[in-house]
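Thank you all for coming. I would like to walk you through one model this morning, beginning with how its parts are arranged and ending with the place where the two chains meet.

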Amino acid sequence: MAHPKPHYSAWSLLRARLAPSGYWQPLWGTRALREAYDVVVVGAGGHGLATAYHLARDHGITRTAVLEKNLLGLGNVGRNTTVVRSNYLLPANHHFYEDSLRRWRRLSRDLNYNVMYSPRGVLDLALSDGEMATLARRGNAMRLSGIDAELLDRAALARFAPEIDPYRERRFPIVGALLQPRGGTVRHDAVAWGYARAASALGVDIVEHCEVTGVRAQGIAAVGVETSRGFVRAERIVFATAGSTGLVGRMLGVPLPIETHQLQALVTEPVKPLLNTVVVSVFPGHGETYICQSDRGGLVMGGHLDGFPSLTRIGRWDRMEDVVAGAVDLLPGIGSLKVLRQWAGTNDMTMDGSPIIDRIRYENVFLNAGWCYGGFKAIPASGAACASLVATGTTPDLIEGFRLSRFQSGRVLDERGAGPFPALQ
Amino acid sequence: MNTLRCPFCGVRDLGEFEFRTILPPAGSDAIKQVYDRTESGDRSVEHWQHVGGCRAWLEVERNPSSGEVLDALTLGGQP
């Protein structure tokens, strides 16, 4: 039976304060694995939990299990740099991420759980006139679709983010920036916990330490999954396994246009507020740095992929050096801060840098994957769209461009124009 | 994995090398060669280039789960 789920409010906080101990309950119920489900979702990360939540809330499918081989939220949903934005060039991408950004805005209310959406703006810096032209093109494409984008010259940038001091002399002077004001950050762990709590309250079984090892099928349909805890029957199966998707492809016997690469991030010791926005800067010749300040005060930063396929979750040192060098170039004052933690996540990099939500191999098996390094910001839209596909059997218009067949037909969504090289996306 | 042994130059810093591509499946059609990947988890055969050194292309066999380099050969297969 599910735990009682109190509605969170100022009133519930007060009641908790006055109540004897034991008022707070676990966020999601621990339930036994049943023999059969309408839907089995593999992977209790952001996308898996959001899919299960929307299946229950929007489509009334509550006989759902989310199976997780490890613990909930320990994968990429807890390893990203928490940035949300919809500043993409290609319409298929920016419409989708814009849907997501709108959902982020109301997610705390929808889930009755504070995910701390903070629209502090996302700045893409231009270090040359050529880059400024590229950013103007991207901003124009966004504005044509009704998405907020502002091109800032140096003076406007100095007004918006004086902490960057664009007038300061640098090896690569800052020319301007593209700003998406509604972009920002969301507390990533709260997203996993909030979705888990909401899904669990709707009757979804979340089962940790249950590894899926295979799919059992009869003809063109799957009948269930083999797990470390035995066979589980399922009408439909959804794989939302992020960095393990390459191995899922192998399990299903389907080669995928996916390579698993690593992306690392790091956070400094907490300091008083000194950066009030998210800054992304690509430095000619030595990589990329994006940086923001968490609510605790730590400066969270990341950069390019490590550059070669890997499942180790151990980042390479020279990449970390690139990221830190870029951060110190942006904010020279942080040079003496200590790095508290550094970590890496495995990214399911597709050949065009855009995601895949589609059927795979069997008519009732679905793949929600290929999120590259941009999966976190996609969670709300991905969950809703994937649940719609699973429940109705038809692909929503929003994710029509994300079908697997695009690699056969040539209608790839190559956002960066980098060609079929996952390491360059 | 912070170094790689180039068959021509010896052990060098990983930063001197650039990963190029996973070797495509042999004998299949063009689209499959470009897009299809089958991950084994324990063995990956790749082309790398020693861009910061002798610029030779290398055939590198690695274990992507442990990061261990199993073998680094010249394109002709010489150690």
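Let me start with the two domains of chain A, whose centres, taken over C-alpha atoms, are separated by 29 Å. Please keep in mind throughout that this is a predicted model. The domain assignment builds domain 1 of chain A from residues 33–79, 188–257 and 352–424, while domain 2 consists of 119–182 together with 260–350. Where these domains meet, 19 residues of domain 1 of chain A are in contact with 13 residues of domain 2 of chain A. On the domain 1 side of that contact, the residues divide by class into 10 nonpolar, 7 polar and 2 charged.

Stepping back to the whole of chain A, we have 10 helices and 18 strands, and the C-alpha trace spans about 65 × 60 × 40 Å along its principal axes. For a chain of 425 residues, a compact globule would have a radius of gyration near 22 Å, and because chain A has 22 Å, the two agree. Buried residues make up 50% of chain A, and, of the contacts in chain A with a separation of 6 or more, 74% are between residues 24 or more positions apart.

What, then, is in the largest nonpolar core? That core has 117 residues, and those with the most contacts inside it include Val40(A), Leu49(A), Val66(A) and Tyr195(A). Its largest share, 10 residues, comes from helix 9 of chain A, residues 375–392. Since domain 1 and domain 2 of chain A both give residues to this core, it lies between them. To take one residue as an example, Leu49(A) touches Ala44(A), Val66(A), Ala192(A), Tyr195(A), Ala196(A) and Ala199(A), leaving aside residues up to four places away in sequence. Apart from this core lies another, of 10 residues, among them Phe308(A) as well as Leu4(B), Phe17(B) and Ala72(B).

That brings me to the contact between the chains, which takes 25 residues from chain A and 19 residues from chain B. On the side of chain A that touches chain B, the elements giving two or more residues are helix 7 (245–252), strand 12 (258–268), strand 15 (299–309), helix 8 (317–330) and helix 10 (406–409). Helix 7 of chain A provides the largest share of that side, 4 residues. By class, the chain A side of this contact has 14 nonpolar, 7 polar and 4 charged residues.

Definitions and conventions. Residues numbered from 1 in each chain as written. Chains lettered and ligands numbered in written order. Predicted model: local features only at pLDDT ≥ 70, side-chain atom pairs only at ≥ 80, totals over all residues. Rg over C-alpha atoms; globule rule 2.2 N^0.38 Å. Buried ≥ 20, exposed ≤ 12 C-beta atoms within 10 Å, placed from the backbone. Contact = placed C-beta atoms within 7 Å. Nonpolar A, V, L, I, M, F, W, Y, C, P; charged D, E, K, R; others polar. Core = buried A, V, L, I, M, F, W, Y, C linked by C-beta atoms within 7 Å. Domains from an automatic or database assignment.
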